[in-house]
Amino acid sequence: EGLGRAVWRELHEAMGLPTWFRSQLFVGPAGTLGCAHFDQYDNVFLQVRGSKRMLIFEPVAGARGLCPFPVHHPYDQRARVDLEAPDFATFPRLGELRGAG
């Protein structure tokens, strides 16, 4: 098992040789739920085993509708809204969002 050369070759053909600014590894058990957040860098997502569901928003609409915490706040890369229990009275722009995924 593992990632064979064919997978790396396909990634190289799709992306070329990008400049890596930052690398992160997230590992979690089945059923892990991540909060809505904003990424500052382009991403390559690789699911090694199992499956993952994602809901992706267009950046500008997401920034408006997901109501990020203020810059320099400890959670400034996270959304203030809870997508599992949306509060449309507090965050009315949330109703305008249309995600894909």
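Is His72 buried or exposed? At 75% relative accessibility, above the 50% cut-off, His72 counts as exposed. Keep that residue in mind; the tour comes back to it after a look at the whole chain. Note before starting that the model is predicted.

**Whole chain**

Show the chain as a cartoon. Two helices appear, and zero strands. Helix 1 covers residues 5-15, and helix 2 covers 59-65. Switch to the C-alpha trace and turn it along its principal axes: the spans are about 50 × 30 × 25 Å. The radius of gyration is 17 Å, whereas a compact globule of 101 residues would have one near 13 Å.

Now colour by accessibility. Buried residues account for 12% of the 101 in the chain. The chain exposes about 9100 Å², and 55% of that area is supplied by carbon and sulfur atoms. If you draw contacts between residues at least 6 apart in sequence, 58% of them link residues at least 24 apart.

**Helix 1 and a surface patch**

Select Val7, which sits in helix 1. With a relative accessible area of 31%, Val7 is partly exposed. Add Trp8, Leu46 and Val48 to the selection. Together with Val7 they make a nonpolar patch on the surface, and the accessible area of the four is about 380 Å².

**The loop between the helices**

Go next to Gly31, in the loop that runs between helix 1 and helix 2. Gly31 counts as exposed, at 78% relative accessibility. Pick its C-alpha atom and that of Leu17: the two residues are 14 apart along the chain, and their C-alpha atoms are separated by 33 Å. A second distance from Gly31 leads to a later stop. Phe88 is 57 residues away in sequence, and its C-alpha atom is 26 Å from that of Gly31.

**The nonpolar core**

Which residues make up the largest nonpolar core? Select Ala36, Phe38, Phe57, Leu66, Cys67, Ala79, Val81, Phe91, Leu94 and Leu97, 10 residues in all. In soluble globular proteins, nonpolar side chains tend to be buried together.

Centre the view on Ala79. Apart from neighbours within four places in sequence, Ala79 is in contact with Ala36, His37, Phe38, Leu66, Cys67, Pro68 and Phe69. Among these partners, Ala36, Phe38, Leu66 and Cys67 belong to the core along with Ala79.

**Cys67 and His72**

Stay with Cys67, in the segment after helix 2. Its relative accessibility is 13%, under the 20% cut-off, so Cys67 counts as buried. Check its backbone as well: phi is near 50°, a positive value in a residue other than glycine.

Return to His72, which also lies in the segment after helix 2. His72 is not a glycine, yet its phi is positive, at about 75°. The two residues with positive phi can be viewed side by side: Cys67 counts as buried, whereas His72 counts as exposed.

**Towards the end of the segment**

Select Phe88, found in the segment after helix 2. How accessible is Phe88, and what does the residue touch? Its relative accessible area is 45%, which lies between the 20% and 50% cut-offs, so Phe88 is partly exposed. Leaving out residues up to four places away in sequence, Phe88 touches Leu94 and Gly95. Leu94 is one of the core residues shown earlier.

Finish at Glu96, again in the segment after helix 2. Glu96 is exposed, with a relative accessible area of 53%. Draw one last distance, to Gly62. Glu96 and Gly62 are 34 residues apart in sequence, and 9.5 Å separates their C-alpha atoms.

Terms used. Residues are numbered from 1 along each chain as its sequence is written. This is a predicted model: local features need pLDDT of at least 70, side-chain atom pairs count only at pLDDT 80 or more; totals for chains, interfaces and linings use all residues. Side-chain values use heavy atoms; hydrogens and water are left out. Patches are made of residues with over 30% relative accessible area and no salt bridge: like charges are joined within 9 Å, nonpolar side chains (Val, Leu, Ile, Met, Phe, Trp, Tyr) within 5 Å. Accessible areas come from the Shrake-Rupley method with a 1.4 Å probe; for residues, only the protein chains shown count as cover. A salt bridge is a side-chain nitrogen of Lys or Arg within 4 Å of a carboxyl oxygen of Asp or Glu. Helices (H or I, at least four residues) and strands (E, at least two) are DSSP runs, numbered from the N terminus. Buried means under 20% relative accessible area, exposed over 50%, partly exposed in between (1.4 Å probe, protein chains only). The radius of gyration is taken over C-alpha atoms; the globule rule is 2.2 Å times the number of residues to the power 0.38. Contact means heavy atoms within 4.5 Å. A nonpolar core is a set of buried Ala, Val, Leu, Ile, Met, Phe, Trp, Tyr and Cys residues joined through side-chain atoms within 4.5 Å.
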